[in-house]
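Let's go through a predicted model together and ask how each label is earned. Have the sequence and the picture in view.

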Amino acid sequence: MGSVSRFRARLSSLLQDTPLPAGVAANFQSWHEFDEVSNRWRAVGTARLQDDKATAASPQVRNPQEAIDRPFNLVTWNVDYSSPFPAQRLSAILSRTFSLSPATDIIFLQEVCKDAFLHLLEESEIRRSWILSDADAILPAHQLFTTITLLSRARFQNLTLGPVWRVNFPSRFGRDALCCDVFVPSAASKPGTRLRLINVHLDSLPIQPSLRPRQLSIVAALLRSAGRGVVAGDFNPVLPADGSLVSDNGLVDAWAELHPNDPGFTWGVDGTEPFPPNRLDKVASIGLKVQHIEILSPGYINGHGQTESNGSEKVAWSDHSGLTCRFQLVGS
């Protein structure tokens, strides 16, 4: 990165009041919410964020300790861009996610193709109840899919929405880290305790030299600069060296922490893939207490794009299982 680019990245970070590691350039963007009056998705601007910060620091917010103690529930799912019926498959994944108890607060999606993206923006429950990192249905240049982060209005209406941004990875596939900060009300600090959320789809395939070590080191530096946070998504650990990348970077692997004797496969479990089953999808954290993590196995739709019924050709919702993870802030 040149000196001018570094200066611009640092200036942007200062303007956004966002701690970033040295040498990491952030491409800031807007949150989006659906406006029923205009019947369109609209960007949530800086003024709204400032209003949110004022609200989060105000006496009307619930007891700060209660807000800090209340766990967050996250779902991450690679929704598979290449199989048929992407919109219908995503609809089934969302229905499964919405049915979970406790209710989901944060959704990380990977491999969202154009058709799935368009469906997401039309889904009534998404319009009514969720805030999106992206809402233009435009994929990154030369890409067939993207990552999207969703935050529940019900959970975040009394918290502060911080900035949302992307960090481009060194990558053979144009991958990036989709990052955001949220602030939990705290009596000790205003606008509150920073929680960083990072949605990733690391480079695919066992290509040497692998760029995944560098990618995860960038993610770990982003989390450390915030003090606490979680990274989740498709880690693609397909080489032997990938197995220790999470711990090598000082992060806690939620599945390994809570289920040390369970392989936790999230891909290839149906035996139809050309490679052995693997735990491609992970949740890792720093400064958090992970309370629960569970695999969400995909169901099926039939060959007409509807929920599977007997006698019809089945199409799995995704070639990946999802993960649901519950975590809590510590050391606030």
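Q: What makes strand β10 and strand β11 a pair, and in which sense do they run, parallel or antiparallel?
A: Two strands pair if there are at least two bridges between them. Residues 193–201 (β10) and residues 229–234 (β11) have six bridges, in the parallel sense, so they count as a pair. Along the way, Val200 sits opposite Gly233 in β11.

Q: Which strands form the open sheet, and in what order?
A: There are seven, going β1-β8-β9-β10-β11-β13-β12, with mixed pairing.

Q: Why do β1 and β12 stand at the edges?
A: Each has a single partner strand, so one side of β1 (27–29) and one side of β12 (252–253) has no neighbour in the sheet.

Q: Which strands does helix α8 lie across?
A: Residues 212–226 make up this helix, and it lies across β8, β9, β10, β11 and β13, at about 170° to β10.

Q: Why is Asp281 said to have no salt bridge?
A: A salt bridge needs a side-chain nitrogen of Lys or Arg within 4 Å of a carboxyl oxygen. For Asp281, the nearest side chain of opposite charge is Arg279, 9.2 Å away, so the cut-off isn't met. Asp281 is buried all the same, and its place is in strand β13.

Q: What makes the links from the side chain of Asp281 to Thr266 and His320 polar contacts?
A: The cut-off is 3.5 Å between N or O atoms. The side chain of Thr266 is at 2.6 Å and that of His320 at 2.8 Å, so both pass. Beyond its neighbours within four places in sequence, Asp281 is in contact with other residues too, including Asn78, Gln110 and Gly233.

Technical notes: Residues numbered from 1 in each chain as written. Predicted model: local features only at pLDDT ≥ 70, side-chain atom pairs only at ≥ 80, totals over all residues. Heavy atoms only, no water. Helix = DSSP H or I, 4+ residues; strand = E, 2+ residues; numbered from the N terminus. Contact = heavy atoms within 4.5 Å. Axes fitted to C-alpha atoms, helices over the stretch in contact; angles between N-to-C directions. Buried < 20%, exposed > 50% of the residue type's maximum accessible area, 1.4 Å probe, protein only. Lys, Arg positive; Asp, Glu negative; His and termini not counted. Polar contact = N/O pair within 3.5 Å; in protein donor to acceptor, adjacent residues only side chain to side chain.
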